[in-house]
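Here is a short briefing to read alongside the model below. Have a look at the structure, then use the bullet points as a guide to its sheet, its backbone and its cores.

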Amino acid sequence: MLLKYVSDRGSVACGEMSSQVRLRLLPSARCLFDEPVQVKVEGLRSRQVVTMRARSTDEKGVVFSSSATYRADGSGKIDLLRDPSLSGSYVGVEPMGLLWSLKADALHKYFFKDNALQPHVVKFSVHEEDRVDRMLAEVTNERLLIGDGVSRVTVKGRNFQGVLFTPPGQGPFPAVLDVSTFASEKRASLLANKGFVVLAVPVYTDKPHNIKQTNLDHFKEAVDFLQQQPKVNKGVGIVSRSKGGEIALSLAAFVPGVEATVWINGCSAVSLVPLYYENQQIIPPLLFDTTKMIHTESGASIMKYGLENPLAAENKGSLVPIEQAKGRFLFVASEDDLCWDTKACMDQMVERLKHHGKENFETVWYPGAGHLMEPPYSPYCPSSFNGFISYVVLWGGEARAHAAAEVHLWSTIQEFFRTHLSCDAAQTKPKL
């Protein structure tokens, strides 16, 4: 294990560390990004009160940190699986709270961790109560996005670009197209660790205001590319969030071979720019009115009410005809999403499918969760700059509920794909 034990002469710049105190991460200080660790402290005084801290720097050089106050038991031990935080970034028993509560000193910062080749490095430390300069022990947690044996290849097609992740082994593996609003490898690489061949493709490779139309053909090309890979089964799954959601719905409705679609906090209609397929416009867009945004004292805005109502009768032409889809849907909505009214969109899609006699869907919604649903143990982000509309926006959600929802959703996505895609080889997981 990559544990940093402190010797009698061990010290750091901020002060002398105790030779008696040990900080451990179990089962290992090196793990995959989406795996929990058990944080334990030993060697404290009986009932000693200490401050636990975590610190990490994102890919833009922004430092994020968290802290929580704990009281040792009678034998001088603390176990975050068992013991409650008394105060700090969170309170109560939250075994992974130091990770999901990481935040920057400045407002409106999102933790950028999109390159799969570099691990998410977190320094855990234990200090005398409210004394940053009195560190008692520390350990570094390396949280890998890509496991041993998983290959990462940059792909540039005629009309798309992305990154392909392939698990070790002969396959065949189920294939998933990960459609993100902007380029990100996090979710795709972590799914590849679970035994899926995943192609990550962004909606935007240019600034959104430069885009005048969305061409579904470009994403169909990505689906075709996936199906041609030697290690994959024929059917393709799609996972998406936000703006990627309408692309996923459209692929399911218009492109053969899409067997399972995960729609997370998106819209039921095409938004902002028209959707084209085979050289003609097939769906006109809902437009966004920035004057309908609600501005708050924090400097962040609520954009939920800016988009034209997809449920209004005059906008029905912008809805994606999902009843044409042959595959299955998993609709996921956060009830505290301040970006889109995703719960209303989900309900509308369910009614549309039922109206057409369809039962090819599953739904899950999360009270207290916000828009940015990510793989588990990501730092919760309440607000940040939205490149989609070029405003700082509130994403919604309450940190604890949002973090719990991410853990549940991550296993739900995997189960959905294993059930509805051919997954004979998907049980083989890469090792660290």
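What follows is a tour of a few local features and of the nonpolar interior. Please keep in mind that this is a predicted model. Two separate nonpolar cores are described, one of 62 residues and another of 34. A small open sheet of 3 strands is covered too, along with two cis peptide bonds that precede Pro27 and Pro172.

**Nonpolar cores**

- The largest nonpolar core is made of 62 residues, and Leu177, Leu199, Leu251, Phe329 and Phe331 have the most contacts inside it.
- Helix 4, which spans residues 243-254, gives this core its largest share, with 6 residues.
- A second core, separate from that one, holds 34 residues, among them Phe64, Leu98, Trp100 and Leu136.
- Which residues does Leu177 touch, leaving aside its neighbours within four places in sequence? Its partners include Leu199 and Leu251, as well as Val201, Phe219, Ala222, Val223 and Leu226. Val236, Gly237, Ile238 and Val239 are also in contact with Leu177.

**The open sheet**

- The strand order in this sheet is 17-20-21, and the pairing is mixed.
- Strand 17 (214-215) and strand 21 (280-283) are the edge strands, each pairing on one side only.
- Strand 17 and strand 20 (residues 275-277) run parallel and are joined by 2 bridges. Thr214 has Leu275, in strand 20, as its bridge partner.

**Positive phi between strands 20 and 21**

- Most residues other than glycine have a negative phi.
- Glu278, which is not a glycine, has a positive phi of about 55°. Glu278 sits in the loop between strand 20 and strand 21.
- Asn279 is found in that loop between strand 20 and strand 21 as well. Asn279 also has a positive phi, about 70°, and is not a glycine either.
- Are these two residues buried or exposed? Glu278 is exposed, with a relative accessible area of 54%, and Asn279 is exposed too, at 79%.

**Cis peptide bonds**

- Most peptide bonds are trans.
- The bond from Leu26 to Pro27 is cis, with omega near 5°. Pro27 belongs to the loop between strand 3 (22-26) and strand 4 (30-32).
- Gly171 and Pro172 are likewise joined by a cis peptide bond, with omega about 0°. Pro172 is located in the loop between strand 14 (161-166) and strand 15 (173-180).

Methods:
Residues numbered from 1 in each chain as written. Predicted model: local features only at pLDDT ≥ 70, side-chain atom pairs only at ≥ 80, totals over all residues. Heavy atoms only, no water. Pairing = 2+ DSSP bridges. Helix = DSSP H or I, 4+ residues; strand = E, 2+ residues; numbered from the N terminus. Buried < 20%, exposed > 50% of the residue type's maximum accessible area, 1.4 Å probe, protein only. Core = buried A, V, L, I, M, F, W, Y, C linked by side-chain atoms within 4.5 Å. Contact = heavy atoms within 4.5 Å.
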